[in-house]
Amino acid sequence: MTDPRLLLLSPQDNILVAREPIPAGETILVEDSHVTLAARLDRGHKIARDAIGIGEKIFKYGAPIGSATQPIAAGESVHIHNIKSDYTATHVIAKPATEANL
Amino acid sequence: MSTAMRGYPRADGRKGIRNVVAVAYLVECAHHVSREIVASARDGDVHLIGFPGCYPNAYAQQMMEKLCTHPNIGAVLLLSLGCESFNKFSLADIVEKSGRPVHTLTIQNDGGSLKTIKAGQAWVQEQLAVLRDAPTVPMAVEELIIGTVCGGSDGTSGLTGNPAVGRAFDTLVSAGATCVFEETGELIGCEEIMASRAITPELGNELRASVAKAAAYYATLGYGSFAPGNADGGLSTIEEKSMGAYAKSGSSPISGIVKPGTVPPRGGLYLMDVVPDGEVRYGFPNISDTAEIVELIASGSHMTLFVTGRGSVVGSAIAPVIKVCANPDTYRRMEDDMDVDAGRILEGAASLDEVGAEIFELIQSVAAGAQTKSEALGHREFILTYKSFEPAGPACLPS
């Protein structure tokens with residue numbers, strides 16, 4: 001079983017997408033395992049469905065969307081800190097703490 | 001709601017869903033004078049468009065020709081400084097041959113800023129008086145050309161808004177309409193599945209090649225078509241953004257590839273290849289979402305479906321923009337800017353098919369004259385910059 005707030009978009013996927021925000025510290029079910037979220041999971045953000053090794057492809061919609069740059073445990077957030085594009089690097093800007101994070 | 005659509009008949013057989021007076025500057029030096037003319041006619045459908053460059057560019061010349069003869073355009077005022085490279089004579093000739101009133105003011109010959117502004121304002125008022133009584137004729141769904149873009153995307157765009165537009169596109173294509181999706185830089189990683197939908201194997205190869213061209217172009221420039229806000233919204237890579245963007249195309253067969261300014265020859269689903277040909281020059285292929293909307297309009301789009309997750313607010317000159325909001329939080333925050341609340345899908349309050357049907361209905365009522373949110377707010381964004389294209393190969397438009 002998996003928490004109904006998490007969407008599995010394709011059976012081949014190794015990530016799940018949050019359909020609504022889930023607060024930090026909450027313990028949720030991911031593929032029958034209990035996982036406590038280290039940080040808030042925002043709407044539309046991803047967590048690992050299974051353990052993912054360095055260099056392994058990330059699958060969403062059944063298609064590869066990049067590769068892991070470090071080992072990712074099941075239930076851990078999957079984003080720009082631990083995956084990278086296989087085409088062009090992702091560009092972000094550092095935000096001041098005062099800028100709202102919606 | 002089923003409103004009878006009526007269009008403004010044009011000499012080339014196409015029909016417009018609006019009857020706009022375009023005021024077009026042909027170099028940045030004529031921008032202010034043009035803006036003053038448009039500002040005096042806020043109550044009418046008078047839209048500012050133009051090209052800022054002083055050096056000649058075949059793409060910009062063709063774009064202006066296509067935009068000034070778009071079915072939504074009823075009359076055109078051209079503003080020249082007088083010494084720029086843009087070929088105003090050829091443009092005026094093409095507009096005149098399209099059966100539209102056209103007038104050129106040259107600031108250096110017409111007495112400078114103030115006198116040109118006054119002359120332009122008077123001409124625009126004359127045209128508005130004539131256009132007010134312009135006849136309309138019945139218009140069918142199959143006569144519509146509908147474009148789609150996404151901008152300010154986030155992790156919800158590919159779950160709700162983009163696939164809902166894909167459903168609306170499927171309905172439109174099966175009704176015989178023409179649909180155009182674009183931005184090959186945001187289809188990176190989708191080339192194989194897209195090629196499998198081509199109506200001929202040769203077109204499939206062209207689809208693959210268009211994405212490979214985009215990937216190489218962006219790699220040279222050092223940035224993908226990916227903004228920091230995309231990452232804030234949960235998207236991690238260009239491939240992830242692409243897979244979401246690709247869903248806008250729906251599931252119809254792909255009938256061809258067009259370049260900006262080429263009007264698709266018949267109904268069906270088309271990819272617009274917006275990435276320039278040849279060596280990398282003039283910078284990023286599309287410096288903002290508006291550049292893509294303008295290119296869709298140049299290829300005949302009567303209106304554009306714009307999917308946003310983070311919350312874009314843009315509209316467009318010439319053709320209405322329908323804003324489909326993918327994220328329910330953004331919709332609540334920015335409801336005044338959004339036409340469709342596709343985020344309901346995430347909350348279990350609507351299905352993809354229901355929102356797709358809502359978009360299809362809305363397209364028909366906007367074509368029948370209903371204003372979109374961005375139109376009512378006065379959004380008339382426009383941008384046109386330098387690019388260069390080679391003609392598309394014969395495999396791009398199979399007969």
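**Group meeting: the A–B interface and a buried aspartate**

Hi everyone, let me begin with a single pair: the side chains of A:Lys60 and B:Glu240 form a salt bridge, at 2.8 Å from N to O. Please keep in mind that this is a predicted model.

That pair belongs to a wider picture. The rule finds three salt bridges across the interface of chain A and chain B. On the chain A side, strand S7 (63-68) and strand S9 (83-84) each supply at least two of the residues that touch chain B. The largest share, four residues, comes from S7(A). Sorted by type, the residues on that side of chain A are 15 nonpolar, eight polar and seven charged.

Now the totals. Here 30 residues of chain A are in contact with 37 residues of chain B. Together the two chains bury about 2,600 Å², with 57% of it on carbon and sulfur atoms. Which three residues supply more than any others of the area that chain A buries against chain B? They are A:Arg43, A:Tyr61 and A:Tyr87, and they account for 26% of that area. Polar contacts are there too: 16 residue pairs across the interface, both partners at pLDDT 80 or more.

Let me stay with A:Arg43. Its side chain meets that of B:Asp329 in a salt bridge, 2.8 Å from N to O. The pair crosses between chains, with B:Asp329 in helix H11 (residues 328-333) of chain B and A:Arg43 in the loop between strand S4 (33-36) and strand S5 (46-48) of chain A. Is A:Arg43 buried or exposed? A:Arg43 counts as buried because its relative accessible area is 9%, under the 20% cut-off. B:Asp329, at 27%, is partly exposed.

There is a second pair to add here. B:Arg332 and B:Glu347 meet through their side chains in a salt bridge of 3.1 Å, N to O. This one links distant parts of the chain, 15 residues apart: B:Arg332 is in helix H11, while B:Glu347 is in the loop between strand S14 (340-341) and helix H12 (352-367) of chain B. B:Glu347 is partly exposed, at 40% relative accessibility. Put the four residues together, and A:Arg43, B:Asp329, B:Arg332 and B:Glu347 are linked in a network of salt bridges.

For a local example, look at helix H3 (residues 88-97) of chain B, where B:Asp93 and B:Lys97 sit four residues apart, about one turn of the helix. Their side chains form a salt bridge at 2.8 Å, N to O. B:Asp93 is partly exposed at 34%, and B:Lys97 is exposed at 68%. Over all chains, the search finds 23 salt bridges.

My last stop is B:Asp277, in the loop between strand S11 (268-272) and helix H10 (289-298) of chain B. At 9% relative accessibility, B:Asp277 is buried. Which side chains does its side chain touch in polar contacts? B:Lys213 is one, at 2.7 Å, and B:Lys259 is another, at 2.6 Å. Beyond its neighbours in sequence within four places, B:Asp277 is also in contact with residues including B:Ser388, B:Phe389 and B:Glu390.

The strand before that loop, S11(B), has five of its five residues buried. B:Gly268, B:Tyr270 and B:Met272 point one way, and B:Leu269 and B:Leu271 the other. S11(B) runs parallel to strand S9 (residues 178-182) of chain B, joined by five bridges, with B:Thr178 opposite B:Gly268. Strand S10 (residues 254-258) of chain B also pairs with S11(B) in the parallel sense, over four bridges, and there B:Ile254 stands opposite B:Leu269. Thanks for listening!

Methods: Residues numbered from 1 in each chain as written. Chains lettered and ligands numbered in written order. Predicted model: local features only at pLDDT ≥ 70, side-chain atom pairs only at ≥ 80, totals over all residues. Heavy atoms only, no water. Contact = heavy atoms within 4.5 Å. Buried area = accessible area lost by both parts, 1.4 Å probe. Polar contact = N/O pair within 3.5 Å; in protein donor to acceptor, adjacent residues only side chain to side chain. Nonpolar A, V, L, I, M, F, W, Y, C, P; charged D, E, K, R; others polar. Buried < 20%, exposed > 50% of the residue type's maximum accessible area, 1.4 Å probe, protein only. Pairing = 2+ DSSP bridges.
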